[in-house]
Amino acid sequence: MDRGIDVVVIGDVNVDLIFLIDRFPSRGGNCIARRVEKSFGGVGGNRAAALASLGLNVALIGAVGEDRFGKEALEELKRYGVNIDHVKILKDQLTGIMIVAVDLEGERTIIGSRESNSKLRISDEDLKLVEGVRHLHVAGYQMFNESPEDILGIIRHAHKLGISTSMDIEGIADLDLETLESLKGILTYVIGNEDEAKGLLKAEAFGKELAERLLKEFKADAVAVKLGEKGCAVADRHHSYMVPGFKVEVVDTTGAGDAFDAGFIYGTLKGLSLIETARLANAMGAFKCTKLGAKHYPTLAELKRSFPDIKI
């Protein structure tokens, strides 16, 4: 059993090829990017790196290919201080790759393939890893792996041990009903953006009502609905709130949702109130938007300097 780990994250590790463009071409057309950057992202790698930047001891469970991109992605995660001992290197597989187009307003559009990420299998060593940690976070995309029962198994394992669990519900509205039902009651915290929450609930609820309905649907302790520049809506079993975002000069929104997730997890582990946790999460997302690339994450000191009113 690994000792000293605060959070285990299960999620994708990707290479991001970022193209800064002035406009999107018409179908069949083309455009020339003003600038091109290569960085390493994936919701698992991003959230693990953001949590490590905040000072937590973080281990990542994921998969990369036996290629140059995979090697470089793991080296970057190590520089952030993420424990990568449980990231599988899969022979004859490619590391996940994402093409990210960023427009003049900083909004990103992504086309990509998960590749080796979808082939992740949970090992006995992974199950042992979570036994000594404080929190397990799972990216919703993991439910579309070739072996989703592995992911359900490790969440149930943590839940039975009394370890808090969370999931960002990205994409899971497309799961079959039986698999979706199996997630209810085993997640302590549920996080998602407005469109994902509406799609999952098949409802046109807004703000606090949307958060309240998501809480009830998953039988969770607390939920957060990400609303972009407007902030977020949060709810627990006693209260619900609209928590406004922070105004910043937006350069690139890639990875902002992952930064938010990390801030929310950090706040809950530190025992902050629901509102202060939401404010911290909003600040993390806003900070990330001020620079290009997914992994622009602050230390606690940097976050406090940028947003002096938050509690950490």
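**A buried lysine and two pockets**

In this predicted model, Lys 288 is buried yet takes part in no salt bridge. The nearest side chain of opposite charge belongs to Asp 252, at 4.1 Å; the cut-off for a salt bridge is 4 Å between a side-chain nitrogen of Lys or Arg and a carboxyl oxygen of Asp or Glu. The lysine does have a polar partner in the backbone: a polar atom of the Lys 288 side chain lies 2.9 Å from the backbone oxygen of Thr 254. Lys 288 itself sits in helix H9.

Helix H9 also features in the largest pocket, where its five lining residues are the most that any element gives. This pocket encloses about 1400 Å³ of space. Its lining counts 47 residues, and those closest to the centre are Glu 107, Arg 108, Thr 253, Ala 256 and Gly 257. At least two lining residues come from each of strands S2 (14-20), S6 (96-102) and S7 (108-113), and likewise from each of helices H1 (43-53), H6 (194-201), H8 (256-269) and H9 (274-289). Sorted by class, the lining of the largest pocket holds 16 charged, 16 polar and 15 nonpolar residues.

Turning to the second largest pocket, its volume is about 190 Å³. Strands S6 and S7 are the elements that give two or more residues to its lining. Among the residues that line this second pocket are Phe 19, Phe 24, Pro 25 and Cys 31, together with Ile 99, Val 100 and Ala 101, and Thr 109, Ile 110 and Ile 111. By class, 10 residues of this lining are nonpolar and one is polar, with no charged residues.

Definitions and conventions:
Residues are numbered from 1 along each chain as its sequence is written. This is a predicted model: local features need pLDDT of at least 70, side-chain atom pairs count only at pLDDT 80 or more; totals for chains, interfaces and linings use all residues. Side-chain values use heavy atoms; hydrogens and water are left out. On a 1 Å grid over the protein atoms alone, a cavity is a set of points where a 1.4 Å probe fits but cannot get out, and a pocket is an open set with protein on both sides within 12 Å along at least five of seven lines; lining residues have an atom within 4 Å of a point. Grid points are joined across faces, edges and corners, and a volume is the space filled by probe spheres set on the points. Helices (H or I, at least four residues) and strands (E, at least two) are DSSP runs, numbered from the N terminus. Ala, Val, Leu, Ile, Met, Phe, Trp, Tyr, Cys and Pro count as nonpolar, Asp, Glu, Lys and Arg as charged, and the others, Gly among them, as polar. Buried means under 20% relative accessible area, exposed over 50%, partly exposed in between (1.4 Å probe, protein chains only). Lys and Arg count as positive and Asp and Glu as negative; His and the chain ends are not counted. A polar contact is a pair of N or O atoms within 3.5 Å; within protein, one must be able to donate a hydrogen and the other to accept it, and residues adjacent in sequence count only if both atoms are side-chain atoms.
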